[in-house]
Amino acid sequence: MHFLKSLSKLLLGSLLLSNLQASNNFDEEILSDTRKKTFDLNEKQIKEDSLKLKKDWINPINLQYTKYLGEDYKNEKSLISINQPIFRSGGIYQAIKYADSTYDSSSIQINQERKKLIKEAISFLYLIEKTNLNIKKTKLSVLNAQIDVNRKKEQVLNGFLDSSFLDNALLTLNDSKQSLITLKYQKIEYINNFNNISSKDYSEFELPKFEFFDEKEYIQRNIDLAKAKSDIIKDENFKAITIAKYLPSVNAFYNYSKNHYTNGKPGLENSYEQDFGLSVTVPLDSRTFNDIESKKIEALKSKLAYKNKIDDEKTFYRNQVQKVNMLEERITITKEDLGLYNSILTIIKEEKEAQLKTQSDLDTLQNSQKIKSLDLKIFEIDRQMELLELYVKLK
């Protein structure tokens, strides 16, 4: 598999921002064109929604044209009416800030969804490779089981063993063959799931390699925390808008009307009227206190959610560290086992040359050694998948 080389440097050392941003651009290559297009459209939509929110405080200019068709009186009249707020006790400024904070929050959410989908695609790449290794392991187990069946068959025929030993060996062989069938179909399922996300063949990608970064870095670049922080700003702005809604406001108004045609009332033809001025409004609503208190509570909840999220993410990071440490211990033990297999193989080869051991004995041990080597690679894939769970949380 040939994956973009930049991914192999994704999380090295302190994980510099510039390197991370560059790798994110490469990451998107794993997504299909339709999925990338969907994210692009979502980004355009939230931008338009934000611009609309910024203009919500601007009232429309109303144009009206009326034609009266009475028996005694006919008239055609046009009207232009403007009633525009120019002061809302800070509400206009807060409305603009709220639009910006809404855009920031929605933009982060889209980025979260994009990274989760990329993570899902990379996970399938890992699972496909892990299944390939398990298929190789199972094929070796089938070989060993077949060797054991042949050995037990000969021993039973020569009267050295009871037939139950052969039955057990046959059951082991059958189980290994069944496992092999299951793994082959499982691989197809993983490939189909990957193809559902990416329009490229999975074999075009090389597995990325992740490394640890410290907890401080993880918290600073955590996208879930960035989303929670943006929600605080958004809710604070919305609280300010709600308060301003119940404070005095000043509107400028202008009305212009013109009679274009009259029939039945002489002197009105082409006449016009206009008026303009300022109006001050002080809303008196029995629900004012409840509405404001509700928005204050919502803002406080956002702050508490952010603090709780920090604790959650620290716990998640530490748990992932423990999982990785556990896998590293397993890798160490497997390496020690491989060293033991190597030393035993040397002895078995010498005993075979001295005709103290058979070729079957040597083949069985060599296959077992290969199985251990594959275990080592599988543990490393498991380690990378645990680190991937951290990577998906980074901005």
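This report describes the fold, surface, largest pocket, salt bridges and two buried residues of a predicted model.

## Overall fold

The protein chain has 395 residues, and 36% of them count as buried. It contains 8 helices and 4 strands. Read from the N terminus, the order is α-α-β-β-α-α-α-α-β-β-α-α. Two helices thus open the chain, and two strands follow them. Four helices come next, then two more strands, then the closing pair of helices.

Contacts over long stretches of sequence dominate the count. Among contacts in the chain with a separation of 6 or more, 82% join residues 24 or more positions apart.

## Surface

The protein chain exposes about 23500 Å². Carbon and sulfur atoms supply 53% of that area.

One nonpolar patch on the surface covers about 310 Å². Its members are Ile-61, Leu-63 and Ile-80. Ile-61 sits in the loop between α2 (33-54) and β1 (62-69). Its relative accessibility is 53%. The cut-off for exposed is over 50%, so Ile-61 counts as exposed.

## The largest pocket

Rolling a probe the size of a water molecule over the atoms shows where empty space is left. The largest pocket holds about 290 Å³ of space. It is lined by 16 residues. Closest to its centre are Arg-88, Ile-241, Thr-242, Ala-244 and Lys-245.

Three elements each give two or more residues to this lining: α3 (91-157), α6 (223-245) and α7 (288-353). Helix α6 gives the most, with 5 residues.

## Salt bridges

Side chains of opposite charge can pair when their charged atoms come close. The structure holds 32 salt bridges. One of them joins the side chains of Arg-114 and Glu-43, at 2.7 Å from N to O. This pair links distant parts of the chain. Arg-114 belongs to helix α3 and Glu-43 to helix α2, and 71 residues separate them. The two ends differ in burial class. Arg-114 has 7% relative accessibility and counts as buried, whereas Glu-43 has 31% and counts as partly exposed.

Arg-221 and Glu-217 form another bridge through their side chains, at 2.5 Å from N to O. Both Arg-221 and Glu-217 are buried.

A further bridge is formed by the side chains of Lys-296 and Glu-293, with an N to O distance of 3.8 Å. Lys-296 and Glu-293 are 3 residues apart in helix α7, so about one helical turn separates them. Lys-296 counts as partly exposed, at 35% relative accessibility. Glu-293 is also partly exposed, with a relative accessible area of 27%. Elsewhere, bridges with shared partners tie Lys-209, Glu-211, Glu-328, Glu-380 and Arg-383 into one network.

## Asn-367 in helix α8

Asn-367 lies in helix α8, which spans residues 359-391. Its relative accessibility is 8%. The cut-off for buried is under 20%, so Asn-367 counts as buried.

Sequence separation and spatial distance tell separate stories here. Asn-367 and Val-142 are 225 residues apart in sequence, yet their C-alpha atoms are 9.9 Å apart in space. Leaving aside neighbours within four places in sequence, Asn-367 is in contact with Leu-140, Leu-143, Asn-144 and Ile-147.

## Ser-257 in strand β3

Ser-257 is placed in strand β3, residues 249-263. Its relative accessible area is 11%. That value is under the 20% limit, so Ser-257 is buried.

Asp-275 is 18 residues away from Ser-257 in sequence, and the C-alpha to C-alpha distance is 9.3 Å. Setting aside residues up to four places away in sequence, Ser-257 touches Lys-77, Ser-78 and Leu-79, along with Ser-271, Tyr-272 and Glu-273.

How values were computed
Residues are numbered from 1 along each chain as its sequence is written. This is a predicted model: local features need pLDDT of at least 70, side-chain atom pairs count only at pLDDT 80 or more; totals for chains, interfaces and linings use all residues. Side-chain values use heavy atoms; hydrogens and water are left out. Buried means under 20% relative accessible area, exposed over 50%, partly exposed in between (1.4 Å probe, protein chains only). Contact means heavy atoms within 4.5 Å. Accessible areas come from the Shrake-Rupley method with a 1.4 Å probe; for residues, only the protein chains shown count as cover. Patches are made of residues with over 30% relative accessible area and no salt bridge: like charges are joined within 9 Å, nonpolar side chains (Val, Leu, Ile, Met, Phe, Trp, Tyr) within 5 Å. A salt bridge is a side-chain nitrogen of Lys or Arg within 4 Å of a carboxyl oxygen of Asp or Glu. On a 1 Å grid over the protein atoms alone, a cavity is a set of points where a 1.4 Å probe fits but cannot get out, and a pocket is an open set with protein on both sides within 12 Å along at least five of seven lines; lining residues have an atom within 4 Å of a point. Grid points are joined across faces, edges and corners, and a volume is the space filled by probe spheres set on the points.
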